[in-house]
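Q: Hi! Could you pick one part of this model and walk me through it closely, step by step? I'm in my first year, so please explain each term as it comes up.

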Amino acid sequence: IFNHVGPHHDAPSHVIKGGKTTDEFPVDQFIGQAKIFDFSGKKKDEPLTRMDFEGKGIKAGDIVLAYVAYDPPKDTLSYPSYPYLSGEAAEYLAGIPVKLFATDMPSLANLTNFMRKVADRDFKDANDLMPEHLAFARKNVPSIEGLANLDKIVLEKKLVFIGFPLKIKKGNAGPIRAVALVY
């Protein structure tokens with residue numbers, strides 16, 4: 001199976017050589033109280049910044065869900081376009097540290113910029129290419145991309161998130177089946 005399609009956990013080994021793999025994470029890191037933030041009003045290709053998360057009551061051990069209302073492209077020649085997570089926002093959240101970050105974005109990164117930089121070889125290093133992934137990976141904060149149906153829970157205040165990844169030995173990512181318990 002391709003482990004980076006649909007809802008999936010990106011392990012640190014996805015971006016850091018020798019980083020933690022999906023099978024090395026304890027299952028309790030993928031369950032807990034969650035706070036959901038509605039960024040559906042952000043423009044496509046606009047970053048979610050540190051200021052979008054500051055002062056929102058996020059504390060150490062929280063699970064943060066970011067809803068951007070991702071809508072896939074209608075043709076196969078277009079790159080996905082959506083509000084994306086900036087490196088500085090990821091650094092801020094990883095520094096708290098949050099327990100887990102999850103979103104309906106197909107990638108934390110802006111894929112258009114990522115693909116342009118790769119094609120043009122217009123980057124110095126991995127931090128220049130994917131700072132949002134590295135911020136979480138360096139702190140072993142799981143990041144989950146590709147969630148569905150966040151629109152159905154975006155107004156809820158009391159949530160428990162559960163998103164256990166498939167344990168793939170030495171996997172750099174793993175598909176998950178995510179649920180939210182509303183109480």
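A: Strand S8 (residues 159-165) pairs with strand S9 (residues 173-182) in the antiparallel sense, over seven bridges. Strands are said to pair when DSSP finds at least two bridges between them. The names come from DSSP runs numbered from the N terminus: helices (H or I) need at least four residues, strands (E) at least two. In this pair, phenylalanine 161 has alanine 180 of S9 as its bridge partner.

Before going further, please keep in mind that this is a predicted model, in which local features need pLDDT of at least 70 and side-chain atom pairs count only at pLDDT 80 or more, while totals for chains, interfaces and linings use all residues. Residues are numbered from 1 along each chain as its sequence is written, and side-chain values use heavy atoms, leaving out hydrogens and water.

Now follow the strands around. S8 and S9 belong to a barrel closed by seven strands, in the order S1-S7-S6-S4-S2-S8-S9, with mixed pairing. From one strand to the next, the twist averages 35°.

Let's stop at S6 (100-103). On one side, S6 runs parallel to S4, and four bridges join the two. Here isoleucine 63 stands opposite leucine 100 of S6. S6 also pairs with S7 in the parallel sense, over two bridges, and alanine 102 stands opposite isoleucine 144 in S7. Which way do the side chains of S6 point? Leu100 and Ala102 point one way, Phe101 and Thr103 the other, and all are buried. Buried means under 20% relative accessible area, exposed means over 50%, and partly exposed is in between (1.4 Å probe, protein chains only). This fits a general pattern: in a regular strand the side chains alternate between the two faces of the sheet.

Just before S6 comes a loop, and proline 97 sits in it, between H2 and S6. The peptide bond from isoleucine 96 to this proline 97 is cis, with omega near -15°.

Step back one more element and you reach H2 itself. Its buried residues are Gly87, Ala89, Ala90, Tyr92, Leu93 and Ala94. They pack against strand S3 (47-48), helix H1 (50-53), S4, S5, S6 and H5.

One of those partners deserves a closer look. H2 (residues 87-95) and H5 (residues 131-138) pack at an angle of about 10°, and their axes are 7 Å apart. Axes are lines fitted to C-alpha atoms, for helices over the stretch in contact, and angles between N-to-C directions run from 0 to 180 degrees. Gly87, Ala90, Glu91, Leu93 and Ala94 make the contact from H2, and Pro131, Glu132, Ala135, Phe136 and Arg138 make it from H5. Contact here means heavy atoms within 4.5 Å.

H5 also holds histidine 133. Is histidine 133 buried or exposed? Its relative accessibility is 8%, so histidine 133 counts as buried. Setting aside residues up to four places away in sequence, histidine 133 touches Asp10, His14, Val15, Ser107, Leu108, Ala109 and Glu145. Its side chain also joins that of glutamate 132 in a polar contact of 3.0 Å. A polar contact is a pair of N or O atoms within 3.5 Å; within protein, one must be able to donate a hydrogen and the other to accept it, and residues adjacent in sequence count only if both atoms are side-chain atoms.

Past H5, asparagine 140 lies in the loop that leads to strand S7 (143-145). Its phi is near 55°, a positive value in a residue other than glycine. Asparagine 140 counts as partly exposed because its relative accessibility is 29%.

Finally, return to the other end of S6. Asparagine 110 lies in the loop between S6 and helix H3 (111-120). At 7% relative accessibility, asparagine 110 therefore counts as buried. What does asparagine 110 do at the N-terminal end of H3? It caps that end: a side-chain oxygen of asparagine 110 lies 3.1 Å from the backbone nitrogen of threonine 112. The side chain of asparagine 110 also reaches the backbone nitrogen of asparagine 113 at 2.8 Å. A further polar contact, of 3.3 Å, links the side chains of asparagine 110 and aspartate 45. Not counting residues up to four places away in sequence, asparagine 110 touches Asp45, Tyr82 and Tyr84. After H3 comes arginine 121, with a positive phi near 50°.
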